[in-house]
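Here is a quick walk through a few spots worth a look in this model. Have the viewer open and follow along.

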Amino acid sequence: MAPMDSDTLVAKKGEWLLPCSYHFYERPPVIVSGSGTKLRDSEGREYTDFFAGVSVMSCGHCNPAIIEPVIEQIRTLQHTTSIYLTEPVVRLAERLAGFLPGTLSKSFFCNSGSEAVEGAMLLARVATGRPGFIALEGSLHGRTWLTAAATGIPMWRTDPFLDGAPVRFARDAGDVLRILAERGDETAALLVEPIQGNAGVRPLPAGFFDEVLPALRKAGALLVADEVQTGFARTGRNFAIERWGVAPDILAGAKALGNGFPIGFFSTTAEIAARFTRPSASTLGGNPVSATAALAVLDFIEKEGLAARAETLGALLRGRLAEIAASFGGGESAPLGTPRGLGLMLGLPVRGTADIPAPRMTDLILEGMKDLGWLIGKNGLDRDVLAFQPPLIITKEEIDAMTRDLARVVTAVSQGVSVS
Ligand SMILES: Cc1ncc(COP(=O)(O)O)c(C=O)c1O
């Protein structure tokens with residue numbers, strides 16, 4: 001069957017999908033295949049992927065080291081549900097324990113990031129017997145009711161009835177301490193993303209946990225790390241929270257663990273796990289296919305040393321982005337701000353020009369880069385931060401070539417001309 005062209009597909013999408021499903025680009029390419037860092041569209045154009053499906057395809061597209069064992073597993077056994085014993089999920093839980101920070105060792109598997117964080121919040125409530133949460137402004141934790149209620153980005157708080165949820169938002173560490181002092185005995189947990197991806201790649205401040213962690217312990221509240229976007233070597237460590245030198249009580253993850261296969265999980269210590277004994281089941285969670293994919297992902301990350309690679313290449317990319325930003329001049333009137341993030345999770349704020357507002361300029365840069373064969377992402381509270389979260393197998397040459405074109409595109413966009 002011949003692939004549909006972009007205009008037909010956009011029209012059909014409008015007809016059959018809910019209007020809440022948006023896509024990037026005015027004329028989006030129809031992506032039909034992928035291999036490694038490359039994606040190809042229905043018109044035969046090739047793109048280098050610098051967004052990895054939002055931090056998912058860390059091991060690259062259609063990686064044989066991952067899809068071959070999965071294909072074999074699909075041929076052998078696809079699904080039984082967790083009430084029947086299968087080996088991959090148990091092997092995965094054991095293997096994951098070796099990846100997790102601190103003494104986190106016991107896991108529950110589900111299918112998405114939202115489900116993982118929702119499960120982590122449920123566990124925190126069960127373990128503490130308390131209903132409340134503290135979340136940070138700028139956070140995104142998912143689209144289930146409780147995770148959306150704990151999401152601090154207005155555009156992602158879609159449900160009009162979230163305000164009754166027992167979640168309080170803190171602006172900074174001082175605010176967390178204040179809420180704990182007032183409501184510590186009602187608080188099950190503090191939820192953090194070590195780097196807020198959707199808020200525009202904003203890492204927590206360096207000393208964030210210095211007073212927060214002792215205050216949480218004193219209040220008997222738990223620390224939940226949402227590593228859905230930051231997990232699995234992206235930031236130069238297995239998990240980004242390791243950079244802050246703290247181990248959470250519960251960690252939720254998803255995305256990169258499956259490298260494109262749906263999987264989510266939350267993990268905790270043996271002591272906290274012991275309090276979660278009532279039955280809980282996810283029909284597809286940890287099924288043999290996604291568990292096999294995840295095992296192959298963990299093998300690949302380790303064998304290829306992807307954490308070290310993310311650290312080295314992330315430093316290179318960050319340096320290049322800083323050079324580009326500086327080349328347009330510093331100060332408040334510069335069109336680009338300072339790159340931020342860790343490893344290969346980097347954001348570059350766009351400030352816009354006198355004539356082009358920042359969100360519009362961000363879209364124009366995305367569009368111009370796409371036309372030159374580069375897929376980069378965007379996020380931020382005002383959708384004005386360029387996001388660079390490529391597969392961790394990206395090469396130095398690809399970073400060099402992408403940043404050369406980025407400089408050209410930003411120049412052209414600032415001058416209101418198109419790049420050819
Ligand atoms: C930090 C974080 N938590 C949770 C989620 C929700 O994950 P999912 O879309 O898999 O439900 C996301 C999604 O982008 C995320 O970035």
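Setting aside neighbours within four places in sequence, Leu146 is in contact with Glu118, Met121 and Ala165 (contact means that the C-beta atoms, placed from the backbone, lie within 7 Å). Before going on, note that this is a predicted model, where local features need pLDDT of at least 70, side-chain atom pairs count only at pLDDT 80 or more, and totals for chains, interfaces and linings use all residues. Residues are numbered from 1 along each chain as its sequence is written.

Leu146 sits in helix H6 (residues 145-149); helices (H or I, at least four residues) and strands (E, at least two) are DSSP runs, numbered from the N terminus. Leu146 counts as buried because it has 20 C-beta neighbours inside 10 Å. The cut-offs are 20 or more other C-beta atoms within 10 Å for buried, 12 or fewer for exposed, and partly exposed in between, with C-beta atoms placed from the backbone.

From Leu146 we can hop to Ile134, 12 residues away in sequence and 12 Å away in space, C-alpha to C-alpha. That brings us to strand E5 (residues 132-136), where five of five residues are buried. Gly132, Ile134 and Leu136 point one way, Phe133 and Ala135 the other. That's the usual pattern: in a regular strand the side chains alternate between the two faces of the sheet.

E5 has parallel partners: strand E7 (residues 187-192), over three bridges, and strand E6 (residues 167-170), over four. Pairing takes at least two DSSP bridges between the strands. Gly132 has Thr187 of E7 as its bridge partner, while Ile134 stands opposite Arg168 in E6.

Now for some helix packing. The axes of H12 (residues 358-371) and H13 (residues 396-415) come within 9 Å and cross at roughly 130 degrees. Met361, Leu364, Ile365, Gly368 and Met369 in H12 meet Asp405, Leu406, Val409, Val410, Ala412 and Val413 in H13.

Last, two loop residues with positive phi. Most residues other than glycine have a negative phi, so these two are worth a glance.

| Residue | Phi | Loop | C-beta neighbours within 10 Å |
|---|---|---|---|
| Ala233 | near 80 degrees | between E10 (222-226) and E11 (250-253) | 30, buried |
| Asn259 | near 45 degrees | between E11 and E12 (264-268) | 29, buried |

Definitions and conventions:
Contact = placed C-beta atoms within 7 Å. Axes fitted to C-alpha atoms, helices over the stretch in contact; angles between N-to-C directions.
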